Amino acid sequence: QLVESGGGLVQPGGSLRLSCSSSGTRLSLFAVGWFREAPGKEREDVSCLSSDESEIYYADSVKDRFTIIRDKAKNELYLEMNNLRPEDTATYFCARRTWRLCEVNKWDYWGDGTQVTVSS
């Protein structure tokens, strides 16, 4: 089970840190990441991290602003989001694959999501 937290309302240019905890499954064994959904938009993979962390993917829309981090000791995943823009407004989902490598739009499990709203 994946549980997200850390969403909220933030002004443009602000920062948020999303967290994802996992019970019963070691996240370090699989590719993990985040995707987001916004009304009227297609689901977008935001970031993915392979199990050995040799592969890191970021959507072009978030490159140089978002950072994915995995804490193996805590078995948690984070998404640090900086310089947020109104177009980042979405529900963010923590997700994992049943495989160690990343592949776009190939998630096998995800949580219920956390809402991020970027607005002044």
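Which residue does a disulfide join to C48? Please keep this question in mind while selecting residues in this predicted model.

Begin with C48 and C102. A disulfide joins C48 to C102, with an S to S distance of 2.1 Å. The two ends come from distant parts of the chain: C48 belongs to strand 5, whereas C102 lies in the loop between strand 9 and strand 10, 54 residues apart. Both C48 and C102 are buried. The torsion about their S-S bond is about -95 degrees, so this disulfide is left-handed.

Next, select residues 44-49, which form strand 5. Of its 6 residues, 5 are buried, so strand 5 is largely enclosed by the rest of the structure.

Now add residues 32-37, which are strand 4. Strand 4 and strand 5 pair in the antiparallel sense over 5 bridges; one place to look is R36, whose bridge partner in strand 5 is E44. Between these strands of the hairpin lie 6 residues, and G40 takes a positive phi near 80 degrees.

Turn then to residues 56-58, strand 6, which pairs with strand 5 in the antiparallel sense over 3 bridges. Here Y58 of strand 6 is the bridge partner of S47. This hairpin also has 6 residues between its strands, and E53 in the turn has a positive phi of about 65 degrees.

Finally, select C20 and C94. The structure holds 2 disulfides, and one of them joins C20 to C94, with an S to S distance of 2.0 Å. C20 in strand 3 and C94 in strand 9 are 74 residues apart. C20 is buried, with a relative accessible area of 0%, and C94 is buried at 1%.

Note on methods. Residues are numbered from 1 along each chain as its sequence is written. This is a predicted model: local features need pLDDT of at least 70, side-chain atom pairs count only at pLDDT 80 or more; totals for chains, interfaces and linings use all residues. Side-chain values use heavy atoms; hydrogens and water are left out. Buried means under 20% relative accessible area, exposed over 50%, partly exposed in between (1.4 Å probe, protein chains only). Helices (H or I, at least four residues) and strands (E, at least two) are DSSP runs, numbered from the N terminus. Two strands pair if DSSP finds at least two bridges between them. A disulfide is a pair of cysteine sulfur atoms within 2.5 Å.
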